[in-house]
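Student: Could you walk me through one pocket in close detail? I'd like to see how it fits into the whole.

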Amino acid sequence: MFSTHKQSLNLRRGVMHSQHNGSDLNLCTLASRVVLLCLTLLVMGQPTLAAQDDIDKPVQGFDEPIFEALEFRNIGPFRGGRVTAVAGLPGDRQTYYMGSTGGGVWKTTDAGVTWGNISDDSSAVGSVGAIAVAPSDPNVIYLGTGSACPRGNISPGNGVFRSTDAGKTWDPIGLEEAGQVARIQVHPNDPDLVYVAALGHIFGPNEERGVFRSSDGGATWEKVLFVSDRAGAVDLAMDPANPRILFAAIWEAERKPWTLMGGGESSGLYRSRDGGNSWDELTAGLPEGLKGRIGVSVSAADSNRVWALVEADEGGLFRSDDGGDEFHLINPDRNFRQRAWYYTHVFADPRDSQTVYVLNTGIWKSTDGGKSFSYIRAPHGDHHDLWISPDDSMNLINGNDGGANVSFNGGKSWSTQGNQPTAEFYRVTVDSQFPYRVYGCQQDNSCVSLPSRTSSSGIARHDWYVIGGCESGHVAVDPRNPDITYAGCYGGSISRYDHATGQEREINAYPQLAIGQAAKDLRYRFQWNAPIRLSPHDPDVLYHTSQFVHRSTDQGQSWEVISPDLTRNDEQKQGYSGGDLTWDNTGVEVYDTIFAFEESKQTKGLLWAGTDDGRVHLSRD
């Protein structure tokens, strides 16, 4: 199944040379490893298991030395995935860092023209939540793992790492149980004095959360602010004029498979005047009662000016002009608080006390002290981090759900995201063409079809195409005609796409708008990752699953339900997600669903179904 173009597969030597897209990047997701493993076994001649008795028989025709010599290669797509941490270097307009939520740490030394991974070789870093470069020594970089914007498909972190050679090598420095690290602040004159805001485990209580301090570069840590085992630090700001003054946002939050519980009695905003030795909760002028996520920032142009973006019933953007002693509501715009658990980010301009940025689905900028805002266009939506150069406020780097972008003109134009192979693919599938193509859906983007290789020197943008569906879906490819694909989206959406004609049509089992509704009110509970399968015995038979198994025998033009509700159907787990402050129903938390489905390749009509609430069913007819 591999072309011999340019001696790509040298069986005599047992070496498979990589085919790159103009770079030496070496990024492989778990899904791609599994698929390549399966394909390699097929290439090397592993027979299909015809019966259960064959399982324990030795594999024939498998040359282990050849298999071990194969190398993974990156086939793309070269478009960015979600980024929740960015950083730059004061005085250096060319060097920036970004931390992706699944692909580790990346660095550019040409202002985003090219990016290279700097974490794969020396650390076990996957999900990144925070990056901070020591202002007094650009060789010292701190990295916090685990994104603190906790989607349902979140990856937990594995502690804090440190580099003393500008990212060439990394050392683990503890806080392995900090879960999701939200922010890191380094003392402006001492690269060994560092503070970490740890949200903690997102799926349950733990003690290693709050604000931690190290004065020896991470060799030892002190927990300097702890509120409860269910509330952690989700933002941390340092007064640029006086690094002994710190502001920490504490957020009580916990995820379950069926909900996010955001907000609680432990949420609040705290200040330290002595470098973290002691802390006081700030309440004057801030909303009373239940509070959720809070973002905080201090103006370098006027350290008395402190911004707080607060999720609450009477929340919004608050400003203090006396260093945090008292706050005033400046702007209650709901745009700044939508999906508050996923965003709630505020950044003060370092050179103009009247200028402040708010990040949410978009980027908003105010130049009149927060009273009014203008919208800044960016290459992708859903924004999580912003670094503003202290030397030049027009020099920015932004992290969003499509990657990282650099700007030299205050956001009027940005560098590309089309050179960042950090996409999150939940799963991939392949067809039987030669060379074969790989299909998958990218989180925060679209579903694509990519060639496994080309006859040219690499795999470029014109070699792949979008196939319908959306970020979360499964893909099924018609084995008779690989131009025909079935791709899913949330809420039960499923589309049939014909690449030869370019036509796409919705073939939903039922016309329902799932977004904004509680799962218990839906006729069909389709999970964010609802399976889509074509029968291996009859490609006209298409399966899709909610709490029921749906089947079509005419390529999705009509559907029938062929099972009872196979889930536990617990209505207590089918309510609105988001807690008591901000409901958030986009389909991620729809629960009591069929999460896995397969028809036996050996026996027609032998169907397996597994649910996200722990049940497995079998049908033999």
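Tutor: Let's start with the contacts, meaning heavy atoms within 4.5 Å. Of the contacts in the protein with a separation of 6 or more, 51% join residues 24 or more positions apart. Please note that this is a predicted model, where local features need pLDDT of at least 70 and side-chain atom pairs count only at pLDDT 80 or more, while totals for chains, interfaces and linings use all residues. Residues are numbered from 1 along each chain as its sequence is written, and side-chain values use heavy atoms, with hydrogens and water left out.

The protein holds 45 strands and two helices (DSSP runs numbered from the N terminus: E, at least two residues, for strands; H or I, at least four, for helices). Its radius of gyration, 26 Å, is close to the 25 Å that the globule rule gives for 621 residues, so the protein is as compact as a globular protein of that length (the radius is taken over C-alpha atoms, and the rule is 2.2 Å times the number of residues to the power 0.38). Along the principal axes, the C-alpha atoms fill a box of roughly 75 × 60 × 45 Å. Of the 621 residues, 59% are buried, that is, under 20% relative accessible area with a 1.4 Å probe, protein chains only.

Now for your pocket. The second largest pocket has a volume of about 1100 Å³, and of its 48 lining residues, Ile184, Gln185, Met238, Trp387 and Ile388 are the closest to its centre. A pocket is an open set of points on a 1 Å grid over the protein atoms alone, where a 1.4 Å probe fits, with protein on both sides within 12 Å along at least five of seven lines; lining residues have an atom within 4 Å of a point. Volume is the space filled by probe spheres set on the points, which are joined across faces, edges and corners.

Strands that each supply at least two lining residues include S3 (83-89), S7 (128-133), S11 (180-186), S15 (231-238) and S28 (383-388). The lining has 33 nonpolar residues, 10 polar and five charged (Ala, Val, Leu, Ile, Met, Phe, Trp, Tyr, Cys and Pro are nonpolar; Asp, Glu, Lys and Arg charged; the others, Gly among them, polar).

Follow S7 away from the pocket lining. S7-S8-S9-S10 is the order of an open sheet of four strands with antiparallel pairing. S7 and S10 (171-172) are at its edges with a single partner strand each, so one side of each has no neighbour in the sheet. Pairing needs at least two DSSP bridges; S7 and S8 (141-145) share five. In S8, Tyr142 stands opposite Ala132.

Methods. Buried means under 20% relative accessible area, exposed over 50%, partly exposed in between (1.4 Å probe, protein chains only).
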